[in-house]
Amino acid sequence: MSAATTRSRTPDRLCAEAVDLARGAAEELAAPGVVGEHVALIAEGDRVVTHFFECKDPGYRGWRWAVTVTRASRAKNVTLDETVLLPGSDALLAPEWVPWSERLRPGDLGPGDLLPTDADDLRLEPGYSGEDAPPPNSAVSHEMAELVEAEDADVTDRTVVPARGSIAAVAEELGMRRARVLSRYGLHTAADRWDEGYGAKTPMAQAAPASCVSCGFLVAIGGSLGQAFGICANEFGPADGHLVSLSYGCGGHSEAAVMPKPLRPAPPVLDSMAADEFPLRPAPDTGSVPSADLPAADLGHS
């Protein structure tokens, strides 16, 4: 333990009395009217004292202006050491810093943005094996890493041809150009994420008359995900153009309510070849009045 740490922490008298000097230094650094009352002082060492002043800035509630003063040995002049704004015990602080990879949310990626992936990303696995080094056109190769580190590098315009006879060249010829593909973990996390948005547990699917597996607007996809998902092609549905679970459903199901064809009335029958008979007198056996009571006068003028 050094001799300096064993000395008394009693504040130096001259430094402790230099309140006006400390206040002037704080007011010179801060905005007008921000430096408040003198609240405390502590001894930082031999002939080194820090004065604390209240901060009245509404954006720095609980913070304090800290002004450190000192003097040389056997000197009577107190000089200014530093002036800073420090948080107090009840200060309003910013939230703890979180790395960008943990702050990123779906939809944050915009035009021109680059989203790098880790070399050991659990969502990805090698597209083919047989070589320890990644292929030259891989995003994790040494050549591409050097391009990324270079300032203003454009990694999309450079294509490195793999060496002839290498496994990378064979994979290129067979169409396996992707250095990494989705792993089983990546498939499961993607399926769980898609099922939360368009799955059987959504309110839309719970009220649907049938599921998408029997809908005529479902477009099938290949691969292992095709066993559980498809693409909706109903322009009036809520999931048009989205990847939906086969157990999802909505009111736009192709067989939910088939509209019957409207009934057509029978065409009118007109007989234009025969004449219709219109009697001038009612038949004797018709009507509510007996024919015996009717007058026998002929119709016409009298």
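L115 is partly exposed, its relative accessible area being 42%, and this leucine sits in the loop that runs between α4 (100–103) and β5 (124–126). On the surface of this predicted model, L115 joins W100, L104 and L109 in a nonpolar patch whose members together offer about 380 Å² of accessible area.

**The chain as a whole**

The protein chain has 302 residues, of which 23% count as buried, and its secondary structure comprises eight helices and nine strands. About 23000 Å² of the chain is exposed, with carbon and sulfur atoms contributing 55% of that area. Among contacts between residues at least 6 apart in sequence, 51% connect residues at least 24 apart.

The mean pLDDT of the chain is 78, and 74% of the residues reach 70 or more. Confidence is lowest in helix α1 (residues 3–6), where the mean is 41, and highest in strand β2 (residues 48–55), where it is 95. Over residues 1–7 the pLDDT stays below 50, and beyond near neighbours in sequence this stretch makes two contacts in the model. Residues 136–140 also have a pLDDT below 50, although 15 contacts beyond near neighbours in sequence are found for that stretch. Where pLDDT is low, the predicted coordinates should not be read in detail.

**Helix α3 and the strands that cover it**

In helix α3 (residues 19–29), the buried residues are A22, A25 and A26. Because they cover an arc of only 95° around the axis, these three alanines lie on the same side of α3. An α-helix has 3.6 residues a turn, so residues three or four places apart point the same way. The face of α3 turned away from the buried side carries D20 and E28, both exposed. The elements covering the buried residues of α3 include β1 (35–45), β2, β3 (63–70) and β4 (79–87).

Within strand β3 lies T68, which counts as buried because its relative accessibility of 7% falls under the 20% cut-off. Leaving out residues up to four places away in sequence, T68 touches V48, V49, T50, L80, D81 and E82.

**Two arginines with positive phi**

Which backbone angle sets R47 apart, given that it is not a glycine? R47 has a positive phi of about 60°, and R74, another residue other than glycine, has a positive phi near 65°. The loops that hold these arginines and their accessibilities are set out below.

| Residue | Phi | Loop | Relative accessibility |
|---|---|---|---|
| R47 | about 60° | between β1 and β2 | 28%, partly exposed |
| R74 | near 65° | between β3 and β4 | 84%, exposed |

**The segment after β9**

L246 belongs to the segment that follows β9 (243–245). Which residues does L246 contact, leaving aside neighbours within four places in sequence? The contacts of L246 are with S211, C212, V213, L218, G226, Q227, A228, F229 and G230. I231 is 15 residues from L246 along the chain, and the C-alpha atoms of the two are separated by 9.3 Å.

Terms used:
Residues numbered from 1 in each chain as written. Predicted model: local features only at pLDDT ≥ 70, side-chain atom pairs only at ≥ 80, totals over all residues. Heavy atoms only, no water. Patch = residues over 30% accessible without salt bridge, like charges linked within 9 Å, V, L, I, M, F, W, Y side chains within 5 Å. Areas by Shrake-Rupley, 256 points an atom, 1.4 Å probe, with all protein chains shown as cover. Salt bridge = Lys/Arg side-chain N within 4 Å of Asp/Glu carboxyl O. Helix = DSSP H or I, 4+ residues; strand = E, 2+ residues; numbered from the N terminus. Buried < 20%, exposed > 50% of the residue type's maximum accessible area, 1.4 Å probe, protein only. pLDDT = per-residue confidence, 0-100. Contact = heavy atoms within 4.5 Å. Arc of directions from axis to C-beta.
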